[in-house]
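Me: Before I rely on any label in this model, I would like to see what each one rests on. Could we go through them one at a time?

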Amino acid sequence: MSERETQEHHGGPAEAPAHGIYNEDGSVSAHFLAHVGAAIADRDTLALREDVGSLHQSEIGDLLSALMPEQRRALVQLMGAEFDFTALTEVDEAIRLDIVESLPNAQIAQAVQQLDSDDAVYILEDLDPEDQDEILAQLPFTERVRLRRSLGYPEESAGRRMQTEFVAVPPFWTVGQTIDYMREDQNLPESFAQIFVIDPTFRLVGTVDLDRILRTKRAVKIEEIMRETRHAIPATMDQEEAARIFEQYDLLSAAVVDENERLVGVLTIDDVVDVITQEAEEDILRLGGVGDEELSDSVMAAGRSRVPWLMVNLVTAFLAASVISLFDATIEQVVALAVLMPIVAGMGGNAGSQTMTVTVRALATGDLDIYNAGRIIRREMGVGCLNGIIFAVLIGLVAGFWFQSEQIGGIIAAAMIINMFVAALAGILIPLLLDRLGADPAVASAVFVTAVTDVVGFFGFLGLATWWFGL
């Protein structure tokens with residue numbers, strides 16, 4: 001974390017840019033975009049370094065996202081060594097790759113050396129292995145080994161998100177020795193809140209907060225004031241699970257250890273906030289069946305990400321259509337059924353989506369498990385029955401008055417109760433089943449829940465009508 005980030009994180013005053021780059025709605029202003037675009041067109045490096053170089057990394061990220069692709073590449077090339085590569089962690093993967101692939105590997109290697117290890121990994125992990133090797137080969141040995149180790153951990157794991165810069169001391173050191181070490185060593189991280197205590201084999205034995213160091217006399221040994229490490233995070237742990245630990249225990253930082261309990265890095269709250277945001281965005285996109293699509297993706301890339309689940313949806317739509325075809329004679333005799341049947345299916349689909357969204361989110365946060373699943377299922381069944389009765393009465397009265405037929409009103413009311421109840425069950429049981437089978441419920445649930453509510457809605461409504469009218 002940079003010094004400026006640390007100031008902002010701890011509530012210190014962040015330097016505002018000399019010029020406002022945002023509109024009232026929070027987007028980059030057209031005036032500022034035009035100003036930067038003109039400087040790029042004129043190749044005015046002095047103006048760019050003055051106006052863009054003073055921005056925070058997140059502001060540069062917003063600017064890059066707003067510029068045209070050729071302008072982004074030109075901006076980075078014109079600014080040269082003055083460009084803050086940390087800004088590339090603030091943009092979509094497609095934009096980051098577009099910029100990085102336009103630069104020579106030697107320039108990237110030079111820039112990576114100025115970054116924190118977690119930011120360097122974030123930029124390198126999307127590159128081809130050949131480019132990674134060429135860039136890493138140009139780094140100092142120690143830095144190269146650290147980055148290779150981080151890149152060796154699974155994607156979206158704590159090991160990929162950790163910083164390898166940290167402060168570690170032996171337990172027999174005194175507070176005075178520790179303070180002198182922190183003052184004199186030039187290779188310490190720019191900011192940190194904890195000191196880790198390790199044994200000769202680099203195994204983690206405890207931690208000491210900086211405020212405890214400052215309040216303790218110099219002659220006291222570290223082992224006397226350290227506390228046993230709690231919530232050490234395995235490097236292979238999924239980043240979402242690690243973020244959940246931070247949330248549960250209100251952590252600002254946590255040690256990351258390898259399979260032998262040796263300290264390999266530290267996970268900090270700024271990275272965890274990014275993880276929480278990223279995972280929430282992924283869940284929302286997957287619920288819509290669009291995978292990992294980003295706004296910067298091309299038309300072809302966006303189309304490819306949406307086609308698979310649209311194909312599945314097409315199959316389920318044909319299934320619903322085949323159910324309707326079973327009752328074509330009934331529909332011919334009672335035309336009102338054709339007008340009303342989309343209402344039953346549509347209401348069931350919306351009710352199922354509501355339950356499914358709550359269930360998928362509860363699974364993602366760990367709030368729903370085998371121990372409370374029965375209680376939650378019973379609750380959703382109750383909600384389904386209650387909503388079914390409410391809307392059955394409402395729609396039954398409207399349909400009966402509309403078509404001047406008490407029978408039509410009664411049939412659609414009964415079908416509504418059935419479908420709302422089934423929708424609630426499908427909305428919770430389908431995500432639970434998919435999760436149990438190892439599939440991602442956020443991706444697959446929506447199509448199957450909609451299919452169930454459509455089929456049951458059409459079959460229930462038309463089947464009841466066929467039985468009642470004796471057709």
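Reply: Let us begin with the second largest pocket of this predicted model, to whose lining α10 gives the most, with five residues.

Me: Which elements give two or more residues to the lining of that pocket?

Reply: They are α8, α10 and β6 (263-268), and among the 30 lining residues R146, T164, E165, F166 and N187 lie nearest the centre of the pocket, whose volume is about 760 Å³.

Me: What makes a residue part of the lining, and how do the lining residues divide into nonpolar, polar and charged?

Reply: A lining residue has an atom within 4 Å of a point of the pocket, and the residues of this lining divide into 14 nonpolar, seven polar and nine charged.

Me: Why are the buried residues of α7 placed on the same side of the helix?

Reply: The buried residues of α7 (residues 105-112), each under 20% relative accessible area, are N105, I108, A109, A111 and V112. They cover an arc of only 165° around the axis, and therefore fall on the same side of α7. These buried residues pack against α6 (93-100), α8 (117-124), α9 (129-136) and α10 (141-151).

Me: How do you know that β2 and β3 pair?

Reply: Pairing needs at least two bridges between two strands, and five bridges join β2 (residues 194-198) to β3, so the two count as paired, and they run antiparallel. I195 stands opposite V208 in β3.

Me: Why are β1 and β3 described as standing at the edges?

Reply: The open sheet has three strands in the order β1-β2-β3, with mixed pairing. Because β1 (168-169) and β3 (204-209) each have a single partner strand, one side of each is left without a neighbour in the sheet.

Technical notes. Residues are numbered from 1 along each chain as its sequence is written. This is a predicted model: local features need pLDDT of at least 70, side-chain atom pairs count only at pLDDT 80 or more; totals for chains, interfaces and linings use all residues. Side-chain values use heavy atoms; hydrogens and water are left out. Buried means under 20% relative accessible area, exposed over 50%, partly exposed in between (1.4 Å probe, protein chains only). Helices (H or I, at least four residues) and strands (E, at least two) are DSSP runs, numbered from the N terminus. The arc is that of the directions from the helix axis to the C-beta atoms. Contact means heavy atoms within 4.5 Å. On a 1 Å grid over the protein atoms alone, a cavity is a set of points where a 1.4 Å probe fits but cannot get out, and a pocket is an open set with protein on both sides within 12 Å along at least five of seven lines; lining residues have an atom within 4 Å of a point. Grid points are joined across faces, edges and corners, and a volume is the space filled by probe spheres set on the points. Ala, Val, Leu, Ile, Met, Phe, Trp, Tyr, Cys and Pro count as nonpolar, Asp, Glu, Lys and Arg as charged, and the others, Gly among them, as polar.
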